[in-house]
Amino acid sequence: MERGLILLVAAFMVFVAPGVRGTAHLSFANNTEVNITRTGCRVSKLCLETPNNCDPAGNGTCLFGSLVASPPVAPNGVNLSVELRGNSMGYVALGLTVNASEGGTMLFVCAQNSSNNGSFFFRTMMRNNTDDMLTPTETRVTEIRGSVKDNVIQCEFVVPGVNATSTRSSDATTFDVLLGTGTFNGNSLGPFNVSLNSGALNIADPTSNTAGTTAAPTMTSSSTTAGTCVLHPHALLVLLSVLTLSVMQKA
């Protein structure tokens with residue numbers, strides 16, 4: 001009976017874990033300067049933007065993201081350096097998913113708090129690709145820096161151990177990359193509105209989207225932020241092993 005009680009308590013802890021969130025998984029760079037340009041696109045970094053070929057260093061509307069992957073090492077995956085820039089009174093976000101219509105999308109959110117003088121903040125979220133619900137996660141992110149000026153949000157950060165497979169037996173680097181925006185009401189993030197879905201790209205190859213320009217959006221979000229698990233109830237107790245997208249963390 002004692003053993004059964006221990007197992008029950010352990011299962012309950014897994015069930016409630018998605019609602020318990022801290023900030024220990026995030027670390028910020030000492031240097032807060034952010035300067036995002038197109039320099040290196042298709043040479044040393046994979047770039048995505050909407051409108052096509054917009055200039056993130058300019059004054060116009062431009063939602064831009066770039067990715068630089070370290071050499072992959074199975075089973076840890078790659079360390080992913082990310083640049084993100086967009087116009088929003090709430091947040092801009094970059095998402096990684098292996099299938100934008102099912103499973104989950106790991107979202108990296110750069111935002112401003114308008115009720116606190118437009119101060120910059122950063123969040124990691126999991127988006128349910130079936131019902132668009134957002135759930136806070138504790139994905140490890142390092143070297144975060146960000147700035148907000150005239151509703152232009154810019155940020156840079158590094159995601160260690162990114163892997164498109166949940167088996168930990170490979171270093172898969174093929175993802176759909178999503179760019180989008182959303183609102184922030186001072187307490188919670190609003191729905192993630194997808195502006196760009198890249199389709200399947202090898203994020204370790206800066207030229208992987210050379211054959212085609214940015215793809216048209218294929219989905220919109222219609223739900224509000226939720227503090228519960230993004231998976232269906234029957235999958236709650238195996239949350240850590242069944243996510244379609246696995247962003248691996250180094251020990």
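This passage describes the fold, the sheet, the nonpolar cores and the disulfides of a single protein chain. The model is a predicted one, and the values reported below were computed from its atoms.

The chain comprises 251 residues, of which 47% count as buried. Its secondary structure consists of 2 helices and 13 strands. Among the contacts in the chain with a separation of 6 or more, 62% are accounted for by residues 24 or more positions apart. The area exposed by the chain is about 12,100 Å², and carbon and sulfur atoms supply 54% of that area.

Of the strands, 6 are assembled into an open sheet, in which they follow the order 8-7-6-5-11-12 and the pairing is antiparallel. The edges of this sheet are occupied by strand 8 (134-136) and strand 12 (193-202), each of which has a single partner strand, so that one side of each is left without a neighbour in the sheet. From one strand to the next, the twist averages 25°. Within the sheet, strand 5 (residues 91-97) is paired with strand 11 (residues 174-182) in the antiparallel sense, over 7 bridges; Ala 93, for instance, has Gly 180 of strand 11 as its bridge partner. In general, the strands of a sheet pair through backbone hydrogen bonds, in either a parallel or an antiparallel arrangement.

The interior was examined next. The largest nonpolar core contains 31 residues, and those with the most contacts inside this core are Leu 94, Phe 108 and Phe 157. Strand 10 (residues 152-163) contributes the largest share of the core, namely 5 residues. Apart from this core lies another, of 14 residues, which includes Tyr 91, Ala 111, Leu 134 and Val 194. In soluble globular proteins, nonpolar side chains tend to be buried together.

The surroundings of Leu 94 illustrate how separate parts of the sequence meet in the larger core. When residues up to four places away in sequence are not counted, Leu 94 touches Gly 65, Leu 67, Val 82, Leu 84, Met 106, Leu 107, Phe 108, Val 177, Leu 178 and Leu 179. Phe 108, named in this list of contacts, is itself one of the residues with the most contacts inside the core.

A further set of contacts is found at Leu 26, which belongs to strand 1 (residues 26-28). Leu 26 counts as buried because its relative accessibility is 14%, the limit for burial being under 20%. The residues touched by Leu 26, again not counting those up to four places away in sequence, are Phe 122, Thr 124, Thr 139, Val 141 and Ile 144. Leu 26 and Glu 138 are 112 residues apart in sequence, yet their C-alpha atoms are 8.1 Å apart in space.

The count of disulfides comes to 3, and with bonded cysteines counted along the chain they follow the pattern 1-2, 3-4, 5-6. One of them joins Cys 41 and Cys 47, whose sulfur atoms are 2.0 Å apart. The torsion about the S-S bond of Cys 41 and Cys 47 is about -90°, so this disulfide is left-handed. Cys 41 is buried, with a relative accessible area of 15%, and Cys 47, at 5% relative accessibility, also counts as buried.

Another disulfide is formed by Cys 54 and Cys 62, with their sulfur atoms 2.0 Å apart. The link of Cys 54 and Cys 62 is right-handed, with 65° about the S-S bond. Both of its cysteines are buried, the relative accessible area being 10% for Cys 54 and the relative accessibility 1% for Cys 62.

The disulfide of Cys 110 and Cys 155 has its sulfur atoms 1.9 Å apart, and its torsion about the S-S bond is about 85°, so this disulfide is right-handed. Because Cys 110 lies in strand 6 (residues 104-113) and Cys 155 in strand 10, the pair ties together parts that are 45 residues apart in sequence. Cys 110 is buried, with a relative accessible area of 0%, and a value of 0% likewise places Cys 155 among the buried residues. The strands joined in this way also appear in the descriptions given above, strand 6 as a member of the open sheet and strand 10 as the source of the largest share of the largest nonpolar core.

Terms used
Residues are numbered from 1 along each chain as its sequence is written. This is a predicted model: local features need pLDDT of at least 70, side-chain atom pairs count only at pLDDT 80 or more; totals for chains, interfaces and linings use all residues. Side-chain values use heavy atoms; hydrogens and water are left out. A nonpolar core is a set of buried Ala, Val, Leu, Ile, Met, Phe, Trp, Tyr and Cys residues joined through side-chain atoms within 4.5 Å. Buried means under 20% relative accessible area, exposed over 50%, partly exposed in between (1.4 Å probe, protein chains only). Helices (H or I, at least four residues) and strands (E, at least two) are DSSP runs, numbered from the N terminus. Contact means heavy atoms within 4.5 Å. Accessible areas come from the Shrake-Rupley method with a 1.4 Å probe; for residues, only the protein chains shown count as cover. Two strands pair if DSSP finds at least two bridges between them. Axes are lines fitted to C-alpha atoms, for helices over the stretch in contact, and angles run from 0 to 180 degrees between N-to-C directions. A disulfide is a pair of cysteine sulfur atoms within 2.5 Å.
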